[in-house]
Amino acid sequence: MTRVFNFSAGPAMLPTEVIEQARQEMPDWHGSGMSVMEMSHRGKEFMSIAEQAEQDLRDLLAIPDNYRVLFLQGGASQQFAMVPLNLMGRSGKADYANTGAWSKKAIAEGRRYGEVHVCASSEDDGFNSVPDFAEWELSKDAAYVHITPNETIGGVEYPGLPDTGDVPIVADMSSTILSRPIDVSRYGIIYAGAQKNVGPAGLTLVIVRDDLIGQAADSVPAMLNYKTHADAGSMYNTPPTYAWYLAGLVFQWIKRRGGLETMGDINRRKAEKLYAAIDGSDFYANPVRPEHRSWMNVPFTLKDPALDPLFLEGAAERGLKTLKGHRSVGGMRASIYNAMPEEGVDALIAYMDEFAKQHG
Ligand SMILES: *Cc1c(COP(=O)(O)O)cnc(C)c1O
């Protein structure tokens, strides 16, 4: 069987070692006689899994003590509502940066709950860059500033963070969390659907600063209130136990590999060589401004879009799967999250080279 490298944007590849460990542990977790799927979330076995996973995530990201980690459901899309439901009431107004498809969704949802001020936008640039931080029009009375540090569809990634003073930054890190070290203390809230760089679909991570918990109005449903989940250790109701466990295995895998410094080095190398292959040919192209290119999602087009189906067919034959670009962008997109080995990127580059020689 050809080795498969899955370039899907999400649900995405998981580390082979993690899949193997999960397979071995599936019928009988550590001699408990049960699968993790069958355990009570309040039993001592699952509690130990849950606590270990949180501790490992805290270690990896060096999460300060004044932040809570919540293991929720509903995806990043539910956070588009939970963030304003919990925080907008602080002033009735929030700043949002518009950098692509996912920002737009967050903005549309935010508008249901208060005044959304678009403080920066790259729409005029076709969403091919991050607006210069010096030009952001931040509101002094904003409850928060919402950003999308990595636009998964456009392949645009922030080169850093804007200075928002005392206004907390809320970041949708669904497709970039754990790809490199970050300074958590610069954020008010970080959230991420797990299915890209953390684990299987069904789990949503929220890292929230203490003082931003407990600010929701009484009318906010209990399940959508951060306080409910913070007070209950993410066990107010049944959490996504198996996804939580698998995320924990991924955290341990990252630790074994050397943590986020190492992941960052590998991810930078993978991205650099793929962009170099695109830029070095006149057959492939990527429209994003070089300093804002994503390390995680690399969209590219072929000189002649009529060749797209042939490119995809040949790729699939070589085990290079799910390279078709998002329907809104067309072309190709290679998502190269943590679990994508460097060999996968090398195999893609070799195939791209070969295809361009044949059809260029
Ligand atoms: C995938 C993605 C989402 C949507 O995530 P769901 O978990 O499916 O709701 C939101 N934001 C970004 C940046 C994403 O990559």
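# Two domains, their interface and a ligand site

The protein is divided into domain 1, covering 17–256, and domain 2, covering 259–359. The model is a predicted one. Taken over C-alpha atoms, the centres of domain 1 and domain 2 are separated by 27 Å. A ligand is present, with 13 residues surrounding it, and the structure holds 18 salt bridges.

**Interface between the domains**

- On the domain 1 side, 24 residues are in contact with 25 residues of domain 2.
- The size of an interface is often given as the accessible area lost when the parts come together.
- For domain 1 and domain 2, the area buried between them is about 2100 Å², and 58% of it is on carbon and sulfur atoms.
- Three elements give two or more residues to the side of domain 1 that touches domain 2: α2 (44–61), β7 (156–157) and α6 (241–257).
- Of these, α6 gives the most to that side of domain 1, with three residues.
- By class, the side of domain 1 that touches domain 2 has 10 nonpolar, 10 polar and four charged residues.
- The rule finds zero salt bridges across the interface of domain 1 and domain 2.
- Polar contacts are found across the interface of domain 1 and domain 2, in 12 residue pairs with both residues at pLDDT 80 or more.

**Ligand surroundings**

- The closest of the 13 residues surrounding the ligand are S77, T152, D172, Q195 and K196.
- K196 has a polar side-chain atom 2.7 Å from an oxygen atom of the ligand.
- In the side chain of Q195, an N or O atom is 2.9 Å from an oxygen atom of the ligand.
- A76 takes part through its backbone, where a polar atom is 3.0 Å from an oxygen atom of the ligand.

**A salt bridge between distant parts of the chain**

- E157 and R180 form a salt bridge, and their closest N and O atoms are 2.7 Å apart.
- This pair links distant parts of the chain, 23 residues apart.
- E157 is in strand β7, whereas R180 is in the loop between β8 (169–172) and β9 (189–193).
- Strand β7 is also among the elements that give two or more residues to the side of domain 1 touching domain 2.

**Backbone geometry to check**

- Most residues other than glycine have a negative phi, and most peptide bonds are trans.
- The peptide bond from G10 to P11 is cis, with omega near -10 degrees.
- P11 lies in the loop between β1 (5–6) and α1 (16–25).
- F127 is not a glycine, yet its phi is positive, at about 60 degrees.
- The loop between β4 (115–121) and β5 (145–147) is the place of F127.

Notes. Residues numbered from 1 in each chain as written. Predicted model: local features only at pLDDT ≥ 70, side-chain atom pairs only at ≥ 80, totals over all residues. Heavy atoms only, no water. Domains from an automatic or database assignment. Contact = heavy atoms within 4.5 Å. Buried area = accessible area lost by both parts, 1.4 Å probe. Salt bridge = Lys/Arg side-chain N within 4 Å of Asp/Glu carboxyl O. Polar contact = N/O pair within 3.5 Å; in protein donor to acceptor, adjacent residues only side chain to side chain. Helix = DSSP H or I, 4+ residues; strand = E, 2+ residues; numbered from the N terminus. Nonpolar A, V, L, I, M, F, W, Y, C, P; charged D, E, K, R; others polar. Near = heavy atom within 4 Å.
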